[in-house]
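Ready for some hands-on structure reading? Open the viewer, keep the sequence beside it, and try each task before looking at its solution.

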Amino acid sequence: MLFRSDFAFTVDKGTVDGVQVGQPVVDAEGALVGVVAEVSAANSSIVPITSPNAPGIVVLLEDQTRGLVQAGGTGLLTLRVFSDTATLVVQGDLLRTYGPYESSTQYPRGLLVGTALESAAPVAGQFEVDVAPLADIERLTFVSIIPWPPDTAVPVEEDPITEIGRASCRERV
C-alpha cells in the first residue's frame, strides 16, 4: 500500500521484514524510486528521488565521468557535472548510479536513474542538464527495497532485489 505526501510515501514493510534506513527503493522495472528514510516494525517511509529531501545520486555518464543528480523541484532531476575531462551529455543519455563511491554507500552500481532531456557540453569544466526520472513515482503501486549496503543488510542468496523488500503501496487518504 502507498500513502503519499509531497515529500515521502509509506510502504507496508518494516523492520520485521528486514527493511533498514538507507536502503534504495526501485520500481518493477528496476528504476530508482528513492531511499528508505524511516522504519517502524510494519511500515517504512520512502523519500523519492524527486523530493528536495532526497540525497544526491552519483551517476556515471557515457564517457565514464561522474556527475551528481538531485531533485530539480518540478518532478524533474538536475544533473550537475564538474569535470575538466567531461565531453558532453547527449539528449536521451541513460544515467545509472555509479555505485559505492569513496565513503558513500548510498546506492549500488547500475541502478537506472533517468534520461537527459537535453544535450550539453562543459563550459569552464561544468554544466547542468535536466533529467527525467525513469520511475513514474506518481503512479507506483509496488516497489522493491534492495538490501543495501551488503555488509549490514539481511543476507541475500540470489538477486539483490528480494521478496523481503517487495512492498505494496498505501493509497492516498
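The exercises below work on a predicted model and go from the whole chain down to single residues.

**Exercise 1. Take stock of the chain.**
Task: find how many helices and strands the protein chain has, and what share of its residues is buried.

Solution.
- Step 1: Count the elements. The protein chain has zero helices and 13 strands, so its pattern along the sequence is β-β-β-β-β-β-β-β-β-β-β-β-β.
- Step 2: Look at burial. Of the 173 residues in the protein chain, 46% are buried.
- Step 3: Look at the contacts. Among those with a separation of 6 or more, 57% join residues 24 or more positions apart.

**Exercise 2. Decide where to trust the model.**
Task: find the mean pLDDT of the protein chain, and then the stretch where pLDDT is below 50.

Solution.
- Step 1: The mean pLDDT is 81, and 79% of the residues reach 70 or more.
- Step 2: Residues 153-165 have a pLDDT below 50. Beyond near neighbours in sequence, this stretch has 24 contacts in the model.
- Step 3: Where pLDDT is low, the predicted coordinates should not be read in detail.

**Exercise 3. Trace the barrel.**
Task: work out which strands form the closed barrel, and in what order.

Solution.
- Step 1: Follow the pairing from strand to strand. Six strands close the barrel in the order β6-β7-β8-β11-β10-β9, with antiparallel pairing.
- Step 2: Check the angle between neighbours. On average, neighbouring strands of this sheet are turned by 40° against each other, direction ignored.
- Step 3: Zoom in on one pair. β9 (residues 94-97) and β10 (residues 112-116) are antiparallel and share three bridges. Within this pair, Arg-96 stands opposite Leu-112.

**Exercise 4. Describe the surroundings of β5.**
Task: name strands that pair with β5, and say which way the residues of β5 point.

Solution.
- Step 1: Start with β4. Five bridges join β4 to β5 (residues 44-48), and the two run antiparallel. A hairpin of four residues connects them.
- Step 2: Pick out partners. Val-39 is bridged to Ser-44, and Val-35 stands opposite Val-47.
- Step 3: Turn to β2 (residues 9-11), which is antiparallel to β5 and joined to it by three bridges. Here Phe-9 stands opposite Ile-46.
- Step 4: Sort the side chains. In a regular strand the side chains alternate between the two faces of the sheet. In β5, Ser-44, Ile-46 and Pro-48 point one way, while Ser-45 and Val-47 point the other way.
- Step 5: Check both groups for burial. Five of the five residues of β5 are buried.

**Exercise 5. Walk through the β3-β4 hairpin.**
Task: find which residue of this hairpin takes a positive phi, and settle whether Ala-31 is buried or exposed.

Solution.
- Step 1: Set the frame. β3 (residues 24-26) and β4 (residues 32-39) pair in the antiparallel sense over three bridges, with Val-26 opposite Leu-32.
- Step 2: Inspect the five residues between the strands. Gly-30 takes a positive phi near 90°.
- Step 3: Move on to Ala-31, in the loop between β3 and β4. Its relative accessibility is 3%, which is under the 20% limit, so Ala-31 counts as buried.
- Step 4: List its neighbours. Leaving out residues up to four places away in sequence, Ala-31 touches Val-25, Val-26, Leu-112, Leu-134 and Ala-135.

**Exercise 6. Compare two loop residues.**
Task: place Gly-73 and Ala-124 in their loops, and decide whether each is buried or exposed.

Solution.
- Step 1: Gly-73 lies in the loop between β7 and β8. With a relative accessible area of 66%, which is over 50%, Gly-73 is exposed.
- Step 2: Ala-124 lies in the loop between β10 and β11, and at 74% relative accessibility Ala-124 is exposed too.
- Step 3: Look at the backbone. Most residues other than glycine have a negative phi. Ala-124 has a positive phi of about 55° although it is not a glycine.

**Exercise 7. Search around the rings.**
Task: find how many aromatic pairs the whole structure has, and which charged residues sit over Tyr-98.

Solution.
- Step 1: The search for aromatic pairs finds zero.
- Step 2: Arg-66 lies over the face of Tyr-98, 5.1 Å from the ring centre.
- Step 3: The charged end of Arg-109 also sits over the ring of Tyr-98, at 4.6 Å from its centre.

Terms used: Residues numbered from 1 in each chain as written. Predicted model: local features only at pLDDT ≥ 70, side-chain atom pairs only at ≥ 80, totals over all residues. Heavy atoms only, no water. Pairing = 2+ DSSP bridges. Phe/Tyr/Trp six-rings, centres within 6.5 Å; stacked < 30°, edge-to-face > 60°. Lys NZ or Arg CZ within 6 Å of the ring centre and 35° of its normal. pLDDT = per-residue confidence, 0-100. Contact = heavy atoms within 4.5 Å. Axes fitted to C-alpha atoms, helices over the stretch in contact; angles between N-to-C directions. Buried < 20%, exposed > 50% of the residue type's maximum accessible area, 1.4 Å probe, protein only.
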